[in-house]
Amino acid sequence: MEKITLVEAENLSKAGNILHAFLGRTGGVSPPPFGSLNVGHHVGDRGENIEKNLSIIAERLGIDRSRLVVCNQVHGNNMVHIRDSAMCGMGRYSADAIITDKRGIALCVLTADCVPIIVVDRDGRVAAIMHAGWRGTLKEVVPLTIRRLKTLYNIEPRELIAAIGPAIGGCCYRVSATLMEGFRTAFQKAPGMDNKARSIDLKTVNGWQLQKEGIKDVDMTNTCTACSVDSFFSYRKEKTTGRQLNMVMLKE
Ligand SMILES: [Zn+2]
């Protein structure tokens with residue numbers, strides 16, 4: 001079987017007590033166009049393939065399959081606060097951000113071009129994962145989640161580190177004039193927006209949002225999912241395709 005594609009952020013790898021992974025599409029059992037490590041329901045793949053893929057991932061990462069949290073992602077800014085393992089499961093909540101201070105629970109978001117963002121504190125006491133496409137970016141899912149971390153756990157942004165995983169790059173994300181205008185109006189002089197090419201680099205804009213909230217240590221992968229469809233699912237490039245898993249867990 002093909003190897004699993006796994007991207008890790010340097011700063012998160014160095015942090016204590018954290019397990020994280022930005023996975024790609026290889027190493028699973030789903031046939032084309034979901035080949036092969038698809039974990040997304042509602043894309044047309046068979047449920048049994050998804051189950052098998054989740055087991056492959058759990059084994060590879062050394063996590064308990066029953067302790068995954070995957071939300072029904074709705075391109076909003078809602079957040080789920082996981083308070084105990086009884087809250088784990090697939091599709092139980094509609095949200096695009098998940099946070100916890102409980103150990104041994106794998107917080108996940110699924111992507112195919114959208115931006116996966118992981119935030120933890122340096123000591124590995126809290127973890128958050130977010131999913132941001134253009135809608136979530138405009139709805140400020142990242143800044144809102146950082147502020148909720150502060151409210152709930154009294155953790156200052158300077159204690160946090162963040163990583164942005166593989167997502168569509170500005171190279172492949174040309175947008176409508178209306179959307180370009182919407183981003184300009186919302187984010188003014190933020191980097192990652194090219195008026196002339198009418199393209200947006202969502203990773204860069206989300207990285208800017210993280211830094212604006214006071215997080216200095218932000219790791220960003222250069223990988224563009226649409227440029228790398230051998231390794232990653234890309235909705236923009238392929239339309240009918242799978243979803244890859246991105247995960248963070250506070251180690252037990
Ligand atoms: Zn690209």
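Two strands count as paired if DSSP finds at least two bridges between them, where strands (E, at least two residues) and helices (H or I, at least four) are DSSP runs numbered from the N terminus. The model is predicted, so local features need pLDDT of at least 70 and side-chain atom pairs count only at pLDDT 80 or more, while totals for chains, interfaces and linings use all residues. Residues are numbered from 1 along each chain as its sequence is written.

**Exercise 1.** Determine how E4 is joined to strand E6, and which strands stand at the edges of the sheet.

*Solution.* Begin with the pair itself: E4 and strand E6 (residues 97-100) run parallel and are joined by 4 bridges, and Val80 has Ile98 as its bridge partner in E6. Next, place this pair in the open sheet of 6 strands, whose order is E4-E6-E9-E8-E10-E13 with mixed pairing. Strand E4 (79-82) and strand E13 (217-220) each have a single partner strand and therefore stand at the edges, with one side of each left without a neighbour in the sheet.

**Exercise 2.** Identify the residues with the most contacts inside the largest nonpolar core, and list what Leu107 touches.

*Solution.* A nonpolar core is a set of buried Ala, Val, Leu, Ile, Met, Phe, Trp, Tyr and Cys residues joined through C-beta atoms within 7 Å, buried meaning that 20 or more other C-beta atoms, placed from the backbone, lie within 10 Å of the residue's own. The largest such core has 68 residues, and those with the most contacts inside it are Val69, Ile98, Leu107, Cys108, Ala162 and Met249. Finally, leaving aside residues up to four places away in sequence, Leu107 touches Val69, Ile82, Ile98, Thr100, Ala127, Ile129, Met247, Val248 and Met249, contact requiring backbone-placed C-beta atoms within 7 Å.

Definitions and conventions
Buried ≥ 20, exposed ≤ 12 C-beta atoms within 10 Å, placed from the backbone. Contact = placed C-beta atoms within 7 Å.
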